[in-house]
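Reader: Got a minute to go through this one with me? I'd like to start with the sheet and work outwards.

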Amino acid sequence: MLTGERVRLRALEPADSELMWRWYHDPEVGRWMDGSPPISLAQSEEKGENRPRNTFEEMLLGIETLAEEKLIGYLALGDTDFVHGEATLQSIAIGDRDHWGGGHATDALRVICRYAFEEIGLHRIMLWVVADNAAAVHVYKKVGFVEEGRRREAFRSRGTRHDFLMMGLLESELR
């Protein structure tokens, strides 16, 4: 397990499927994420049972509080390119609303970036984020990510178009 000051990152278990399913169906949790059609709890549980094993190339990890040992979110790092030494942060979410604004996402992001740089040997991590998702942009900048590009009106949520920001973090920029 990968441990920070507030959180531990761990492999997801099949028993986590119901909680993930509830977060997936919470409109506020998914506000800034690419949506998929609704799935049943049974489909979510089947997905959890058949989840691929984490590898250095693709990993989906749960975010668990150190204090309560409670699963509060998840993150995914993938598209790892060992030739160029980079990967993409594909998603990060604190699904448990009681833990929003508590620094857990920032800590989880630092933990996965440190792991990617120090243990996997990567040099750069990139991500796409909706420009109007102020909370996420704030967390990314706090950890050291910088804006590298923009895809105009590339995301639609609740009938409104938003820009996507491409952000990147080099190993030397991690804060």
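**Sheet, helix and pocket**

Author: Glu 86 stands opposite Arg 124 in S6. Keep in mind that this is a predicted model.

Reader: How many bridges join S5 to S6, and do they run parallel or antiparallel?

Author: There are 3 bridges between S5 and S6, and the two strands run parallel. The chain gets from S5 to S6 by way of H3. That β-α-β crossover is right-handed.

Reader: And on the S8 side of S6, how many bridges are there?

Author: S6 and S8 are joined by 7 bridges. This pair is antiparallel.

Reader: Which residue in S8 stands opposite Val 129?

Author: Leu 165 does. Leu 127 also has a bridge partner in S8, namely Met 167.

Reader: Is S6 mostly covered or mostly open?

Author: Mostly covered. Of its 7 residues, 6 are buried.

Reader: Zoom out. What is the strand order of the sheet?

Author: S1-S2-S3-S4-S5-S6-S8-S7. The sheet is open, has 8 strands and shows mixed pairing.

Reader: Which are the edge strands?

Author: S1, residues 2-3, and S7, residues 146-157. Each of them pairs on one side only.

Reader: Let's move to H4. Which of its residues are buried?

Author: H4 spans residues 134-143. Its buried residues are Ala 136, Val 137, Val 139, Tyr 140 and Val 143.

Reader: Why do you say they line one face?

Author: Look down the axis of H4. The buried residues fall within an arc of 160 degrees, so they line one face of the helix.

Reader: What is exposed on the other side?

Author: Ala 134, Ala 135 and His 138.

Reader: What do the buried residues of H4 pack against?

Author: Three strands and a helix. The strands are S5 (86-94), S6 (124-130) and S8 (160-170). The helix is H3 (104-120).

Reader: And what comes just after H4?

Author: Gly 144, with a positive phi of about 120 degrees.

Reader: Where else is phi positive, in a residue other than glycine?

Author: Asp 79 is one of them, with phi near 50 degrees. Asp 79 sits in strand S4, residues 71-81. Glu 153 is another, with phi near 45 degrees. That residue belongs to strand S7. As background, most residues other than glycine have a negative phi.

Reader: Are those two buried or exposed?

Author: Asp 79 is partly exposed, at 47% relative accessible area. Glu 153 is exposed, at 53%. The cut-off for exposed is over 50%, so Asp 79 falls short of it and Glu 153 passes.

Reader: Stay on S7 for a moment. What is Gly 149 in contact with?

Author: Gly 149 is in strand S7. Setting aside neighbours within four places in sequence, Gly 149 is in contact with Phe 164, Leu 165 and Met 166.

Reader: How far apart are Gly 149 and Gly 168?

Author: They are 19 residues apart in sequence. In space they are 9.3 Å apart, C-alpha to C-alpha.

Reader: What about Ser 157, buried or exposed?

Author: Buried, with a relative accessible area of 8%. Ser 157 is also in S7. Beyond neighbours within four places in sequence, Ser 157 is in contact with Arg 31 and His 162.

Reader: New topic, pockets. What is the volume of the second largest pocket?

Author: About 190 Å³.

Reader: Which residues line that second largest pocket?

Author: The lining includes Gly 4, Glu 5 and Arg 6. Gly 103, Thr 106, Asp 107, Arg 110 and Arg 114 line it too. So do Lys 142, Leu 174 and Arg 175.

Reader: Where does the largest share of that lining come from?

Author: From H3, with 4 residues.

Reader: Thr 106 is on your list. Where does it lie?

Author: Thr 106 lies in helix H3. Thr 106 is buried, at 6% relative accessible area.

Reader: What is Thr 106 in contact with, apart from neighbours within four places in sequence?

Author: Val 139, Lys 142 and Val 143. Of these, Val 139 and Val 143 are among the buried residues of H4, and Lys 142 is among the residues lining the pocket.

Conventions:
Residues are numbered from 1 along each chain as its sequence is written. This is a predicted model: local features need pLDDT of at least 70, side-chain atom pairs count only at pLDDT 80 or more; totals for chains, interfaces and linings use all residues. Side-chain values use heavy atoms; hydrogens and water are left out. Buried means under 20% relative accessible area, exposed over 50%, partly exposed in between (1.4 Å probe, protein chains only). The arc is that of the directions from the helix axis to the C-beta atoms. Contact means heavy atoms within 4.5 Å. Two strands pair if DSSP finds at least two bridges between them. A crossover is right-handed if, with the strands pointing away from the viewer, the path from the first strand over the helix to the second runs clockwise. On a 1 Å grid over the protein atoms alone, a cavity is a set of points where a 1.4 Å probe fits but cannot get out, and a pocket is an open set with protein on both sides within 12 Å along at least five of seven lines; lining residues have an atom within 4 Å of a point. Grid points are joined across faces, edges and corners, and a volume is the space filled by probe spheres set on the points.
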